[in-house]
Structure formats: C-alpha cells, structure tokens
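I opened my notebook to look at two helices and a pocket. Here is what I looked up, entry by entry.

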Amino acid sequence: SAAAAGAPAQWFYWCEAKRAWRRFLERIEVVLEEAYQKNTPVCQFTADGGNQWAANLGEMYARSEAAGIVMPLFRRIGDEMPVPAEAGPAAVWSSLNPLTEQWERFPRQVCRILEVKYRNAQPSVDILIMGQLKFSIVYSEMRQVDQERRYRHVQRSMEYPVWQQFNPALPGWQTLPCTAALEETFASGVQSAQIINPSDPTQQGGAELDFAEMCMRLPNGSAAGVRRHMQAEVPVASSA
C-alpha cells in the first residue's frame, strides 16, 4: 500500500501592476475550483474592487469588460511546483469518470506512486488517503477499484513540457520557440535564462525568464506571465 495526502488547489492571477503572480483570495479560489471540477467553461466571479470577471477555465485567462483587462490564470496543486529534478516528460495516470465520460488525472503525488509500482512490475497497489484505504489499482486490468468493488478504467499517458507566454492581445498562451532549450536550462537548476533576439546582433533585444517567479522580464522594463505547461500525448497504455 502507499499513502497519499490530498493537497488543495491554489489559483493565481498575473498582476500587471506588480509584474508578478498573485494568489486569489480564498473565496475566489473556491468559486474557481468548483467550476474547474465541474468542467464549467466560463466562470463568473467578483473581485474586491467590485469588477465582474469572466474566467475562461479552458484557456486559463480572465476578462473584465468594465476594467478592460485580460489577465492570465494559473492553477497549481500544492505538490505540483515544478522542480529541476523532475524536468522532462512525465507519466500521468488518469481514471475515466463514468458520469462525465472524461479522463480525470490523479494528483501528481498519486501519479508518482502509481508509476513507481508500475515500473517495478507490481500487480496492484493500494492508495491510502489520510490513513484510510481509498482505492486500489489493478495493473493487469488497468482498473481502479474502490472498497465497494466499483471500478473505473485507468490509463497511463505521457506529458511533455512546453514553455508558454501569455499574449493578452489574442488573448491566449503561446508556446515560446525556444521551449526545448528552456527546458534544458530549467533542468540544469539555474534561476533564470537569457533569451536573445536572433534578429538583434547587438544582443540588446533579449529578455530574461525567471524560473522561480515564472515571468518574462523584457528590456523595456515590462514583464509577462509564463508557465511550464505539460502537454498530453496519446496514451501509451489503456484499458481494453
């Protein structure tokens, strides 16, 4: 058996004034997370200043028509802060929700446990939450089985990291052309990376990507939010 503790989701927004990510108030986090869990495409919430915001949870940005602002959003589970030691592709384990017919990924900590047991050719693994048996995974059948013997299909897939910058003009996230080099730099453990504009031979047009702060600092003093987004590939193993 293996123990796994559930970690709450944290929601952040890019604050243009501070040029940094800022965490939402708890009441807004609750609204966003409930909508996210229900696969609600657009979620409405009210900020402290009274402005109404519409959050596009598929594209991960929010818009306020009254304020005329579009800001990127960032959702993070407590144990999902990217670290250099885990750079590169990652195995993701998911179960099929029979009600929504959507694949729901397990928290990263559970994915780690399932992957270790899978690679060690274990026939099954019991997952404990807060010391209590939550469910078991039977690898030969690729099923998740709970204590009432109800089951869900399980799949294993791979995700590959891409580095993206938010473009408010679209609005949306754009993959940086140097994403592979950025991942290598991130994996080396350095705090930041210099991005040089190839059309500028004097190298004065470069920008700095701060891995710790997840932001791109531009030479003109402005900054933009960036993210390390895990992009899913076709499942490499699934139920029959």
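Before the first entry, a cut-off I need: I call a residue exposed when its relative accessible area is over 50%, and buried when that area is under 20%. I also keep in mind that this is a predicted model.

**Entry 1: helix α1**

I started with the length of α1, which covers residues 26–37. At 1.5 Å a residue, its 12 residues should span 16 Å, and I found the end C-alpha atoms 16 Å apart, which agrees.

Next I asked myself which residues of α1 are buried. My list reads Ile-28, Glu-29, Leu-32, Glu-33 and Ala-35. Looking down the axis of α1, I saw these buried residues fall within an arc of 165°, so they line one face of the helix. Turned away from that buried side is a face carrying Glu-26 and Gln-37, both exposed.

What covers the buried residues of α1? I noted strands, among them β2 (9–15), β3 (20–23), β4 (42–46), β5 (52–56) and β7 (69–77). Just after α1, I found Asn-39 with a positive phi of about 60°.

**Entry 2: helix α3**

I then moved on to α3, residues 179–187, and gave this helix the same treatment. Here Thr-179, Leu-182, Glu-183 and Phe-186 are buried. Down the axis of α3, the buried residues fall within an arc of 100°, so they line one face of the helix. On the other side of α3 I wrote down Ala-180 and Glu-184 as exposed.

For the cover over the buried residues of α3, my notes include β13 (151–167), β14 (172–175), β15 (192–195), β16 (207–210) and β18. Just after α3, Gly-189 takes a positive phi, of about 90°.

**Entry 3: the second largest pocket**

My last stop was the second largest pocket, which holds about 470 Å³ of space. I asked which residues lie nearest its centre. They are Tyr-13, Trp-14, Cys-15, Trp-53 and Met-71, out of a lining of 25 residues.

Which strand gives the largest share of the lining of the second largest pocket? I found that β7 does, with 4 residues. At least two lining residues come from each of β2, β7 and β18 (223–232).

Sorting the lining of this pocket by residue type, I get 18 nonpolar, 4 polar and 3 charged.

**Linking the entries**

Reading back, I see β7 in two places: β7 is part of what covers the buried residues of α1, and β7 also supplies residues to the pocket lining. Likewise, β18 is part of the cover for α3 and supplies lining residues to the pocket.

Conventions: Residues numbered from 1 in each chain as written. Predicted model: local features only at pLDDT ≥ 70, side-chain atom pairs only at ≥ 80, totals over all residues. Heavy atoms only, no water. Expected span 1.5 Å × (residues − 1). Buried < 20%, exposed > 50% of the residue type's maximum accessible area, 1.4 Å probe, protein only. Arc of directions from axis to C-beta. Contact = heavy atoms within 4.5 Å. 1 Å grid on protein atoms, 1.4 Å probe; cavity = no way out; pocket = protein on both sides within 12 Å on 5 of 7 lines; lining within 4 Å. Points joined across faces, edges and corners; volume = space filled by probe spheres on them. Nonpolar A, V, L, I, M, F, W, Y, C, P; charged D, E, K, R; others polar.
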